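Dear colleague,

I am handing over the structure below, and I would be glad if you could look it over before reading my notes.

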Amino acid sequence: MKLCIVAVDLRSPAWASQACEDYAKRFPRDWKVELRTVREEPRRGQPREKLMAAEAERIRRAVPKNSILIALDERGRDLTTMQFAAELRRWQEEGEFPAFIIGGTDGIDAALKKDCRMLIRLSSMTLPHALARVVLFEQLYRAWSILNNHPYHRA
């Protein structure tokens, strides 16, 4: 299974980068999780839509070919961990490679969202960008543990 996280880079603090790296190292060789970051558009008084469109173009270029797009969005589906694991199993069985998108300060461009297979909400609360990355890495690892009967997830 190949998974990719494409995030607009907002200078993650060291603790967040370390946590993401720690989770990435835990996956077995047959589950590769890659983080790709793209530059945030400078905010020099440009309209919000123009900023998001420029970031969307960078995100599209960073997404691996033949990936299905999954955006993290506050209005997305509210999945339980078990439902998330089931989605990953389905994508794996169908030979699909999800690319999870984390937008920038202003969110994700509407046109890019329309191209996404699914919108997922990590929380009903607003999360800082760095924490959203950590939560996504952790949930991917937890889903892997569920699918592989690993003791990390004890439910």
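What follows concerns the nonpolar cores and then the largest pocket.

This is a predicted model, in which local features need pLDDT of at least 70 and side-chain atom pairs count only at pLDDT 80 or more, while totals for chains, interfaces and linings use all residues. Residues are numbered from 1 along each chain as its sequence is written, and side-chain values use heavy atoms, with hydrogens and water left out.

The largest nonpolar core (buried Ala, Val, Leu, Ile, Met, Phe, Trp, Tyr and Cys residues joined through side-chain atoms within 4.5 Å, where buried means under 20% relative accessible area with a 1.4 Å probe, protein chains only) has 33 residues, of which Phe-84, Leu-88, Phe-100 and Leu-140 touch the most other members. Among the elements that give it two or more residues are strand S1 (2-9), helix H3 (81-93) and helix H5 (129-147), and H5 gives the most, with ten residues. Leaving aside residues up to four places away in sequence, Leu-88 touches Met-1, Leu-3, Trp-31, Pro-98, Phe-100, Leu-140, Ala-143 and Leu-147, contact being heavy atoms within 4.5 Å. Another core, of 15 residues, lies apart from the largest one and includes Ala-71, Ala-99, Ile-108 and Leu-112.

The largest pocket (on a 1 Å grid over the protein atoms alone, an open set of points where a 1.4 Å probe fits, with protein on both sides within 12 Å along at least five of seven lines, and lining residues having an atom within 4 Å of a point) holds about 630 Å³ of space. Of its 26 lining residues, Leu-72, Asp-73, Glu-74, Gly-107 and Leu-127 are the closest to its centre. S3 gives the most to this lining, with four residues.

Best regards

Technical notes: Buried means under 20% relative accessible area, exposed over 50%, partly exposed in between (1.4 Å probe, protein chains only). Grid points are joined across faces, edges and corners, and a volume is the space filled by probe spheres set on the points.
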